Amino acid sequence: FWRSSPELVTPHLPCRARTNVMFLKTHKTASSTILNMLFRFTEKHNLTIALPAKQLVHLGYPETFTTSFVEEFQTIGQNYNIMCNHLRFNRLEVQKVMAENTFYFSIVRNPVSQLESSYVYYKDAAPAFRTSKDVNEYLASPMSYYHKVNYKQNIYARNNMWFDFGYDNNAEDDESYIQAVLEEIEQNFHLVLIADYFDESMILLKHALCWDLDDVVYFKLNSRKEDTVQTLTPESKERVKVWCSLDWKLYLHFNQTFWKRIQEMVGLEELEKEVNHLRARQKELMETCLSDWRPVEKTRIKDKALMPFQSGAASILSYNLNQDLDNKSLRTCQKIVMPELQYMSYLYALQHPHKKRKQLGFPLFWNSFQEN
């Protein structure tokens with residue numbers, strides 16, 4: 001599928017930064033961190049971004065995506081550069097929004113850790129999770145808790161990544177069906193990253209998009225407090241692979257193609273060097289930006305405008321910025337730690353100044369930040 005983009009196969013030729021990018025944001029896969037990168041890139045290059053219409057915070061999720069979920073699609077048409085908010089993938093509709101030469105990518109994560117993360121985060125939202133004591137109890141007999149009739153509420157409880165890619169998360173585990181879906185995903189997406197190798201993924205993405213190191217440098221967003229992580233028993237880990245077998249096969253497949261891409265485009269030696277550069281740059285930015293050097297729990301977040309959305313039993317962490325930053329550094333640092341909903345509503349106000357602001361239920365002074 002690289003054929004249409006020869007510059008991707010020959011990374012040594014000077015290449016031009018790709019500015020038409022569609023990211024399928026999957027759930028509980030470190031995708032909020034990538035979203036922040038794409039938001040910063042959008043702002044830096046003054047690009048148009050396909051944002052959720054009216055008071056929506058997703059592009060219609062969990063409904064299958066249609067163009068009506070995009071603000072002002074009727075007037076902007078196929079002239080959006082970036083699309084990255086949560087949606088359930090639907091190629092034909094997405095293609096109406098994005099330019100022909102758009103680069104499509106997504107990210108998947110080992111379903112064992114992905115399901116545990118979903119369980120804690122969506123404990124109150126998914127009926128299947130609500131009535132079980134913990135994730136091990138749920139996995140011991142998922143069918144006692146999971147009812148297909150509630151599938152729209154229960155998408156987080158089984159094969160959630162498969163669902164995000166636009167497929168039936170309750171489909172039978174049939175080899176020829178799975179093969180056909182994997183081939184279709186490979187046709188639709190130039191690249192599928194692996195959350196479990198996040199830094200390596202960022203380097204691969206940097207090469208594929210011909211971006212700078214600072215475009216892929218990040219602080220981990222939407223992570224949660226260690227003590228809310230539930231430990232899966234060895235039996236539970238094996239059960240996830242059976243219960244979420246579609247996601248498990250999706251992950252195994254793209255884990256293989258990921259390392260093939262690394263070999264083709266970067267090489268392992270170069271990869272190690274660049275990962276070290278990325279981490280050094282991240283450390284440098286953390287020293288500049290952060291007063292605590294690490295994310296802090298919600299009760300210790302000083303600037304409430306940087307408070308991420310809190311869900312379920314997960315205590316979602318954020319950052320405290322250094323007090324003595326000059327204006328330029330302050331803006332850079334604010335952007336790199338800004339939670340997803342705040343950044344989305346800020347970009348919405350910039351791009352659609354005449355529309356009613358997104359009502360996110362955040363502190364009032366968040367709006368004054370938007371005005372500055």
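Helices α9 and α13 lie oblique to each other in this predicted model. Two packed helices are described by the angle between their axes and the distance between the axes. For α9 (residues 175–188) and α13 (residues 245–265), the axes cross at roughly 45°. They come within 11 Å. The angle is neither under 35 degrees nor in the range 65 to 115, so the pair is classed as oblique. The crossing of α9 past α13 is right-handed. On the α9 side, the contact is made by Ile178, Leu182, Ile185 and Glu186. On the α13 side, Leu246, Lys249, Leu250, His253, Phe254 and Thr257 take part. By class, six residues of this contact are nonpolar, two are polar and two are charged.

Asparagine 170 sits in the loop between α8 (160–164) and α9. Its relative accessibility is 12%, so asparagine 170 counts as buried; the cut-off is under 20%. The side chain of asparagine 170 forms a polar contact with the side chain of tyrosine 146, at 2.8 Å. Residues up to four places away in sequence aside, asparagine 170 touches Tyr146, Lys148, Tyr151 and Arg158. Tyr146 thus appears both in the contact list and as the polar partner.

A second asparagine, at position 320, is placed in the loop between α14 (268–289) and α15 (327–337). Asparagine 320 has a relative accessible area of 4% and is therefore buried. Its side chain makes a polar contact with the side chain of aspartate 292 at 3.3 Å. The side chain of asparagine 320 also reaches the backbone nitrogen of lysine 302, at 2.8 Å. Not counting residues up to four places away in sequence, the contacts of asparagine 320 include Cys289, Leu290, Ser291 and Asp292. Val296, Arg300, Ile301, Lys302 and Asp303 are also touched by asparagine 320.

Leucine 360 belongs to the loop between α16 (340–351) and α17 (365–371). With neighbours within four places in sequence left aside, leucine 360 is in contact with Val57, Leu341, Gln342 and Ser345. Leucine 360 and glutamine 282 are separated by 78 residues in sequence. In space, their C-alpha atoms are 30 Å apart.

Key
Residues are numbered from 1 along each chain as its sequence is written. This is a predicted model: local features need pLDDT of at least 70, side-chain atom pairs count only at pLDDT 80 or more; totals for chains, interfaces and linings use all residues. Side-chain values use heavy atoms; hydrogens and water are left out. Axes are lines fitted to C-alpha atoms, for helices over the stretch in contact, and angles run from 0 to 180 degrees between N-to-C directions. Helices (H or I, at least four residues) and strands (E, at least two) are DSSP runs, numbered from the N terminus. Angles under 35 degrees count as roughly parallel, over 145 as roughly antiparallel, 65 to 115 as roughly perpendicular and the rest as oblique. A crossing is left-handed if the near helix is turned anticlockwise from the far one by less than a right angle, and right-handed if clockwise. Contact means heavy atoms within 4.5 Å. Ala, Val, Leu, Ile, Met, Phe, Trp, Tyr, Cys and Pro count as nonpolar, Asp, Glu, Lys and Arg as charged, and the others, Gly among them, as polar. Buried means under 20% relative accessible area, exposed over 50%, partly exposed in between (1.4 Å probe, protein chains only). A polar contact is a pair of N or O atoms within 3.5 Å; within protein, one must be able to donate a hydrogen and the other to accept it, and residues adjacent in sequence count only if both atoms are side-chain atoms.
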